[in-house]
Amino acid sequence: MSKRPADERVRDFAEVDLGLSADEAVAEAERCLQCKKPACVGGCPVCIDIPGFLAAVAERDFTRAAEIIRDENMLPAICGRVCPQETQCEGVCILGIKSVPVRIGSLERFVADWERRQGIVLPSVAPATGKRVAVIGSGPAGLTAAAECARAGHAVTIFESLHEAGGVLTYGIPAFRLPKDIVQREIEQVLGLGVGLKLNHLVGRSLPVDELLGYDAVLLATGAGLPYFMGIPGENLGGVYSANEFLTRVNLMHADRFPEYDTPVRSGSRVAVIGGGNVAMDAARVARRLGAKVYLIYRRREDDFPARAAEVANAREEGVEFLCCANPVRILGGPVVTGVECLRMEMKKPDESGRPEPVPVEGSEFTLDVDIVIEAIGQGPNPLLVSLIPGLERGRKGNVVIDDAGATSVAGVYAAGDVATGAATVIWAMGAAKAAARSVNEMLKKK
Amino acid sequence: MYRIEKAAKTAENIFEFWIHAPHVARNARAGQFLVLRIDEHGERIPLTVSGVDGDAVRVVFMAVGKTTTQLARMAAGDAIRDVAGPLGKPTDVKDWGTCVVIGGGVGIACTPIIARELKAAGNTVIGIIGARNAGLLLLEDEMREACDELVVCTDDGSKGYHGFPADILKKLLAERTIDAIWIIGPAIMMKITSGVSKSFGVKTFVSLNPIMVDGTGMCGSCRVTVGGETRFACVDGPEFDAHEVDFDELMQRQRIYVDQERASLERFHEHECRCGREDA
Ligand SMILES: Cc1cc2nc3c(=O)[nH]c(=O)nc-3n(C[C@H](O)[C@H](O)[C@H](O)COP(=O)(O)OP(=O)(O)OC[C@H]3O[C@@H](n4cnc5c(N)ncnc54)[C@H](O)[C@@H]3O)c2cc1C
Ligand SMILES: Cc1cc2nc3c(=O)[nH]c(=O)nc-3n(C[C@H](O)[C@H](O)[C@H](O)COP(=O)(O)OP(=O)(O)OC[C@H]3O[C@@H](n4cnc5c(N)ncnc54)[C@H](O)[C@@H]3O)c2cc1C
Ligand code: SF4
Ligand code: SF4
Ligand code: FES
C-alpha cells in the first residue's frame, strides 16, 4: 500500500492512501493463519468473519470475499478506510504478537473497492411486513440500522436535517481520507434495499414528535454534532471556528472552491488548531490544503494525542507544526483574530496514580500570531430532538440512555451511535446500530 | 426540488416568493425560519417564514448579495434545490396583554405572522412598521388586518410618521401599559429601538440574524452573546431577550465575510452580463 508524497497531496483533496493492488492483497491475505478461534473477529464491533473473507481473497475469489463482508457490514469501503484498526481487529490479530498483524482494514477496503468496480449484488430483503420504522439521522449508525430493518422487510424512512446524507462521513471527515463518491455509493446501496430518505427534515421541527412516535418503531441516530467551545475570551472574533464549522464549510459546502461554490471560508495564512484528536488532525490538514501555515496546539504531550498514530504521522508529513504542552487562554484581536495567547503546561502525576494531568506553568505566557483559530476540543450529543421527546432519559453529558438492547426509556424508541455513547467511532456507531436494529426487528415481530 | 409557485417584486429590491415545501408549511409557527440552497453550488441561507398557504410558504427577502440576487432572478415554475425547516424556536406566544410588534425594513416580513398569532392568543396588538421611504414599506395591508392598531413611519417622511419606530415606541411606552415588545429589523435598528424599552423594563424580544451554515445547531457559526453567555441563534433563538443581547458583537460577526461576499456578487454580475442569464 502506498501513500502519495506529502508535497503533492497538500495541494489537493484527493485521497492520500492509494490502497492495495490485487497481487498485494492476495499476498497479504495469505499471511493470515486462519485461526480456529480468531481473535480478530472479537476485535471487530460488527463481527465480520475476517478469516473467512481473507481466505477468499487468498483464493482470488473477491466476489465471495465481498459477500462475506457485506453479511455484516453495509459500509465496507468506508470502514476499511476510517476504522482505527490498530485498536480493533488488527490490534488483536495473533500475528501482531510476534510481528505485524494482517492489514485487515486495507484488505476490506480493497475488496469493497474491487466490488464497486464490478457492480454490487445487494443482499436479499424479506417480504414486506407492513411495519413502519423511522430512523433519525443518516450517519453510519442511521444507515446501518436502516439497512438492518429494511432487510427484515420493514418500511424504513431515514430523516436527515442536512441536504446530503452521511452525517460525519459527509460533512466531517475530509475527502483526502474518505472520498465523497465512495460515501455516496455506499449510501446508495443502503437505499437500494428500499430504504426511503427524506433530506432537509430536522425531526422535532419538520416532523413533530407526536407524528414521529406514530411510527411502529423509532431509531434515534442523531450523532454528537454539538461543538464545544473553550469558553475563553475572544472566542467570538471573526476567524474563530469550531472544527465542525470549518470542516462543514469545506467538506459539505466546498468552500475550498469558492467562488465557484458560493460558501466562503476564511482560510488564513497562519492557523492555530486547538486539540489533539482525529478531528483536530483533520482540521489541521484541511487548513494546510487551503494554503496556510498550521500550528496544532495541544495541552498534553505528543505521546498523549488521542488521534490515530497514522493520522498524526500524515499531519506531520504535511507540515503541520505541533505545539504540545500548551494551552490557549485568550484569543487576541478585534474584529478579527490576530493571535492566540497560550500558557505552557507541565505534566504532573496526581498522587492517586492515574493519568498525568497538564498543569499551567506560571508566567509562561506566549503569543502565537495567527489569523484563524479552529477549536477541535470535542462535541456533545445533538440536544434538539432528544430534548423534545417527553420522558426520554438522558445522561449527564446529554447522551440518550439505552439498555443492552438499545432501547431508551420511551417504549418503541431506540437509539444508537454517538447520540447514545458520546463522540466515538464509525464502527462502534455501526455495531450499536446493528444491535439496536435487531432489537427493533424482534420487537416488531411480536407487535 | 422545491418549486416556486409565485414570485413577485414588492418593493425596490424586495421580493416575495411562495415556495412549495409541505414539511415546512405544515409545521411552521411564528418566528421560525427556513434554510434554502438554490442549486448544487449554492450557499445555505436563512430566511424567515413569513406566511403559510396550504403546502406553500412565503419568504420575503431583500437582494443584498450573490444568493439573494440570484434568487430574485428566479421565476414561478423554477425549482430550488433544498429547503429545510421550519427551524428555530417559535415566538413565545401567550396572553401577555398588550403587545407591540415592530418591523423595520425587510424585517417587516416577519411581523404579520407574529402579530396574528399574538392576536389569536388574546393579546391587543399594536403594530409599527418603518422603512427608509414609502417605496420600501412592505405588507402594510396585512399588518393593518393583523393588528388592532398600526402606525406607519418612514425615515424621510414620504409616508406616515416622519421618523423612526423607536420614536413611536417611546411615545407608546410613556402613554400606555405595554406588556411585551417584538422588534425585527437590521441589527442596528434592533439595538436602538430595544434601547428605548430597557428603561421601562418591558419584556422585549428581537430576532437575531447572524451568519448561519446548517441552521440545526451543529456548527456554531450563528453564535451570539446573550446575557454574557454564548448561544446558538439557530436553535436557542432566533428570538432572544433584547436587553441581554450583545448587538455590537452580532454586527461584527455579520461582517466576517464582506470581502468574499463582494467578490461573489461581482462575479455573479459579470457572468450575468456575459451570458444574459444566471450562473449555469
Ligand atoms: C472530523 C471527524 C473525523 C472523524 N474521524 C473518524 C475516523 O477516522 N474514524 C472513526 O471511526 N471515527 C471518526 N470520527 C467519529 C465518527 O465520525 C462518529 O463517531 C460517527 O460518525 C458517529 O455516527 P452517528 O451515525 O452516530 O452520527 P453522525 O455521523 O453524527 O450522524 C448523525 C446525523 O444525524 C443528523 N441529525 C441530527 N439531528 C437530527 C434531527 N433532529 N433530524 C434529522 N437529522 C438529524 C445529522 O445531521 C447527521 O447527519 C470522526 C468524527 C469527526 C467529527
Ligand atoms: C434567522 C434569519 C432570518 C432571516 N430572514 C430574512 C428574511 O426574511 N428576509 C431577508 O431578506 N433576509 C433575511 N435574513 C438575512 C439573509 O439570510 C441574508 O440576507 C442572506 O443570507 C444574504 O445572502 P447573500 O448571499 O444574498 O448575501 P451575502 O453576500 O451573504 O451578504 C451580503 C450582505 O448582507 C449581509 N448579510 C449576510 N448575511 C446576513 C445575515 N444573516 N443577516 C444580515 N445581513 C447579512 C452581509 O454582511 C453583506 O453586507 C435572515 C437571517 C437570519 C439569520
Ligand atoms: S469493520 Fe473495522 S474493525 Fe471490523 S474488520 Fe473492518 S476494519 Fe476491522
Ligand atoms: S487473528 Fe489474524 S491471523 Fe488469526 S484469523 Fe484473524 S487475521 Fe488471521
Ligand atoms: S448555524 Fe450552525 S449552529 Fe447555528
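# Salt bridges, a sheet and two interfaces

Let us start with one pair of residues: the side chains of A:Arg438 and A:Glu72 form a salt bridge, with 4.0 Å from N to O. The two partners come from distant parts of chain A, since A:Arg438 sits in helix 19 (residues 426-446) and A:Glu72 in helix 5 (residues 62-72), 366 residues apart. Keep in mind as you look that this is a predicted model. A general idea helps here: side chains of opposite charge can pair when their charged atoms come close. How accessible are the two partners? A:Arg438 counts as partly exposed because its relative accessibility is 42%, and A:Glu72 is partly exposed too, with a relative accessible area of 26%.

Over all chains, the structure holds 53 salt bridges. Now turn to chain B for another one, where B:Glu142 pairs with B:Arg58 and the closest N and O atoms are 2.7 Å apart. B:Glu142 belongs to helix 4 (residues 140-146) of chain B and B:Arg58 to strand 6 (residues 56-62) of chain B, so this salt bridge ties together parts that are 84 residues apart in sequence. Is B:Arg58 buried or exposed? B:Arg58 is buried, because its relative accessible area is 3% and buried means under 20%. Its partner B:Glu142, at 25%, is partly exposed.

A further pair in chain B is B:Asp248 with B:Lys191, whose closest N and O atoms are 2.7 Å apart. Here two helices are involved: B:Asp248 lies in helix 8 (residues 247-254) of chain B and B:Lys191 in helix 6 (residues 187-198) of chain B, so the pair ties together parts 57 residues apart in sequence. B:Asp248 is partly exposed at 43% relative accessibility, and B:Lys191 is partly exposed with a relative accessible area of 33%.

Next, look at a sheet in chain B. Strands of a sheet pair through backbone hydrogen bonds, either parallel or antiparallel. This one is an open sheet of five strands, in the order 5-6-2-1-7, and the pairing is antiparallel. Which strands stand at the edges? They are strand 5 (51-53) and strand 7 (79-80) of chain B; each has a single partner strand, so one side of each is left without a neighbour in the sheet. Within the sheet, strand 1 (residues 2-11) and strand 2 (residues 14-20) of chain B run antiparallel and are joined by six bridges. You can find one such partnership by locating B:Ala7, whose bridge partner in strand 2 of chain B is B:Phe17. Strand 6 of this sheet may sound familiar, as B:Arg58 lies in strand 6 of chain B.

Back in chain A, the chain is divided into domain 1 (6-118), domain 2 (132-225 + 380-446) and domain 3 (229-377). Consider domains 1 and 3 of chain A, whose centres, taken over C-alpha atoms, are separated by 32 Å. Between them, 12 residues of domain 1 are in contact with 12 residues of domain 3. The size of an interface is often given as the accessible area lost when the parts come together. For domains 1 and 3 of chain A the buried area is about 920 Å², and carbon and sulfur atoms give 49% of this area. A:Arg9, A:Val10 and A:Phe13 supply 61% of what domain 1 of chain A buries against domain 3, more than any other three residues.

Across this same domain interface there are three salt bridges. A:Arg9 also pairs with A:Glu318 in a salt bridge of 2.5 Å, N to O. Both residues belong to a network of salt bridges, whose members include A:Lys3, A:Arg177 and A:Asp282.

Finally, see how the two chains meet. The contact takes 39 residues from chain A and 44 residues from chain B. About 3500 Å² is buried between the chains, with 52% given by carbon and sulfur atoms. On the chain A side, A:Arg205, A:Asn236 and A:Asp262 lose the most area to chain B, together 22% of what that side buries. How many salt bridges cross the interface of chain A and chain B? There is one, and B:Lys66 and A:Asp262 meet in a salt bridge of 2.8 Å, N to O. The two chains also share 23 residue pairs in polar contact. Helix 14 of chain A gives the largest share of the side that touches chain B, four residues.

How values were computed. Residues are numbered from 1 along each chain as its sequence is written. Chains are lettered from A and ligands numbered from 1 in the order in which they are written. This is a predicted model: local features need pLDDT of at least 70, side-chain atom pairs count only at pLDDT 80 or more; totals for chains, interfaces and linings use all residues. Side-chain values use heavy atoms; hydrogens and water are left out. Buried means under 20% relative accessible area, exposed over 50%, partly exposed in between (1.4 Å probe, protein chains only). Two strands pair if DSSP finds at least two bridges between them. Domain bounds come from an automatic or database domain assignment. Contact means heavy atoms within 4.5 Å. Buried area is the accessible area (1.4 Å probe) that two parts lose on being put together, summed over both. A polar contact is a pair of N or O atoms within 3.5 Å; within protein, one must be able to donate a hydrogen and the other to accept it, and residues adjacent in sequence count only if both atoms are side-chain atoms.
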